[in-house]
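Q: I am new to this structure and would like a close look at one part of it. Please take the sheet, beginning at its hairpin, and then what packs against it.

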Amino acid sequence: MTNNFVFEPDLAAKTIHLVREFNAPIEKVWKAWTEADLLDKWVGPKPWKAVTKIMDFTVGGIWLYAMVGPEGRQQWVYAEYTAIEHGSAFSSTGMFCDGEGNPILDGPKTYKDTKFFSIEGNRTKVDMMITFEEESTIRMFVEGGFKEGTMASNKQLDELLASE
Amino acid sequence: MRRDVFQAIADPTRRAILSLLVLGAMTPNALAAHFDSKRQTISKHIQILTECEVLVQKKTGREIYYHFNPQKMKEIDIWLERFRKMWEDRFDQLDALLEDL
């Protein structure tokens, strides 16, 4: 079944539009995006693991988690929730962190608007708009060590596919 | 003030300057002739584009020519590709998780 993945950068507008369909009802998908123990299971590209330190899914609340690498390398990721429509949408502002997980408030920020739609077949479509202030914010994600993680993950996937 | 590629292309005049230079190097005078804006305004845009490293100045004889630097734009493509891959991987992991929920 196709997941209709969309990845549309608009550099002039500094946005990236992502769309993805999931083979699960909206309640489950919403849970997976908003509950720490579930988020920790999918947001770390292998072999990186996401470990949530603080999760307060309320407007003004934050999600602070560490991306922990195979050699104990660690990088904090910080997001503040700015709007929540339960079961259908939320917005957050992401910030850089220092080594202790404190947000750098005057640093560049990313803004994320995530919307959830119930679609035919008890499936769910997630629509996410990421707006960033600077090149460095996107660089943070791809040069923060996840690059190696992503490559390892591809390899694992290849091995998995080969073994089936 | 930090300069980056996104800042270079955030402005419509700067995008127009870039699309002209993709076709070939130009002197500041020749560039300015394409726009109704004041020469000073165009100079400012050129300065920003140079600071963003999407333009390079080269002297040919007594004239300065501005050249488009495709390398700088390619960097963005590479970052975006990695970013896309990261999300793809995450979503694949989420698929697996949702199956077990």
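A: In this predicted model, Lys14(A) takes a positive phi near 55° in the hairpin of strand 1 and strand 2 of chain A. That hairpin has 4 residues between its strands. Strand 1 covers residues 6–10 and strand 2 covers residues 15–22 of chain A; the two run antiparallel and are joined by 5 bridges. Val6(A), for its part, has Val19(A) in strand 2 of chain A as its bridge partner.

The hairpin belongs to an open sheet of 8 strands in chain A, with antiparallel pairing and the order 1-2-8-7-6-5-4-3. Strand 1 and strand 3 (49–55) of chain A are the edge strands, each pairing on one side only. From one strand to the next, the twist averages 20°.

Further along the sheet, strand 7 (residues 109–119) and strand 8 (residues 123–132) of chain A also run antiparallel, and 10 bridges join them. Here Lys115(A) stands opposite Asp127(A) in strand 8 of chain A.

Two helices can be placed against these strands. Helix 1 (residues 26–34) of chain A lies across strand 2, strand 7 and strand 8 of chain A, and runs at about 160° to strand 7 of chain A. Helix 5 of chain B also packs on the sheet, where it touches strand 1 and strand 2 of chain A. The direction of helix 5 of chain B makes about 25° with that of strand 2 of chain A.

Helix 5 of chain B spans residues 70–100, which is 31 residues. From its first C-alpha to its last it reaches 46 Å, close to the 45 Å expected at 1.5 Å a residue. Buried residues in helix 5 of chain B include Ile76(B), Phe83(B), Met86(B), Asp89(B) and Leu94(B).

As for the chain that holds the sheet, chain A has 4 helices and 8 strands. Its elements run β-β-α-α-β-β-β-β-β-β-α-α from the N terminus on. Chain A has 164 residues, of which 27% count as buried. Among the contacts in chain A with a separation of 6 or more, 36% come from residues 24 or more positions apart.

Chain B has a helix pair of its own. The axes of helix 2 (residues 12–23) and helix 4 (residues 39–51) of chain B come within 10 Å and cross at roughly 75°, which means that helix 2 of chain B is roughly perpendicular to helix 4 of chain B. The residues of this contact divide into 5 nonpolar, 2 polar and 1 charged.

How values were computed
Residues are numbered from 1 along each chain as its sequence is written. Chains are lettered from A and ligands numbered from 1 in the order in which they are written. This is a predicted model: local features need pLDDT of at least 70, side-chain atom pairs count only at pLDDT 80 or more; totals for chains, interfaces and linings use all residues. Two strands pair if DSSP finds at least two bridges between them. Axes are lines fitted to C-alpha atoms, for helices over the stretch in contact, and angles run from 0 to 180 degrees between N-to-C directions. Angles under 35 degrees count as roughly parallel, over 145 as roughly antiparallel, 65 to 115 as roughly perpendicular and the rest as oblique. Ala, Val, Leu, Ile, Met, Phe, Trp, Tyr, Cys and Pro count as nonpolar, Asp, Glu, Lys and Arg as charged, and the others, Gly among them, as polar. A residue is buried if 20 or more other C-beta atoms lie within 10 Å of its own, exposed if 12 or fewer, and partly exposed in between; C-beta atoms are placed from the backbone. Two residues are in contact if their C-beta atoms, placed from the backbone, lie within 7 Å. The expected span of a helix is 1.5 Å times one less than its number of residues.
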